[in-house]
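Hi everyone, thanks for making time today. Let me put the sequence and the model up on the screen.

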Amino acid sequence: MSKAPIVELPRSVDPNKLAEQNTTLEGVIPFRGLSRFREAVPGLPEDGECSVKLSFYRDGERRRIVSGELSAPVILECQRCMGDMQVTLESRFDLGLVISDEQAQRLPKALEPFLVEDFNADLWAMVEDELLLVLPPFPLHEREECPAKEDLEALEVPEAAEEPETEQRKENPFSVLAGLKTTKH
């Protein structure tokens, strides 16, 4: 059984119509079409792409919703060893389709607003926003996998041995005052 070829998602759609028809779109978005993401992640391969699944529907309160999943394999620079590290950026998100800031403020906290203009939504911009949100600010290899592990261990300060407690406690210089408090004159 052969798999259907993976198709490129359209850049622009009518999300209201898709929500009314309870539509799911599945496909890829090429990195070459995501300029802000390419700026944030230097060295992305030209032929790289993000796999995306978007479900458009109306919820119980008749709000138009898009639920999405994305996965994008990228190579980031480890901030510990400055070497390349393979990472798969993944995200699941629920967006409420709105046409104004007033509508956005009325959305429940579980939904992030996505502004739609004139029955038109830029799916690529939506996915690019989500990719930028899941991008780690300081990518790091797992400590055990990092090529700089030995250097890190050499720089660590060994824990100081605990000093034994002295048997005699020093006398509190204010203990005399405690006695005055209880004495009546």
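I'll go through the overall make-up and then the sheet.

A quick word on conventions: this is a predicted model, where local features need pLDDT of at least 70, side-chain atom pairs count only at pLDDT 80 or more, and totals for chains, interfaces and linings use all residues. Residues are numbered from 1 along each chain as its sequence is written, and side-chain values use heavy atoms, with hydrogens and water left out.

So, what does the protein contain? We have 6 helices and 7 strands, taken as DSSP runs (helices are H or I with at least four residues, strands are E with at least two) and numbered from the N terminus. Starting there, the order reads β-α-β-α-β-β-β-α-β-β-α-α-α.

Of the 185 residues, 31% are buried, meaning under 20% relative accessible area with a 1.4 Å probe, protein chains only.

Now the sheet. It is open, has 5 strands in the order β2-β3-β4-β5-β6, and its pairing is mixed; two strands pair if DSSP finds at least two bridges between them. At the edges stand β2 (24–30) and β6 (112–115); each has a single partner strand, so one side of each lacks a neighbour in the sheet.

Let's look at β6 more closely. Its pairing with β5 (residues 84–98) is parallel, over 4 bridges, and Leu95 sits opposite Glu112 of β6. Helix α4 (residues 123–134) packs on this sheet, touching β2, β3 (49–58), β4 (64–77), β5 and β6, where contact means heavy atoms within 4.5 Å.

That's my tour, thanks for listening!

Key. Buried < 20%, exposed > 50% of the residue type's maximum accessible area, 1.4 Å probe, protein only. Axes fitted to C-alpha atoms, helices over the stretch in contact; angles between N-to-C directions.
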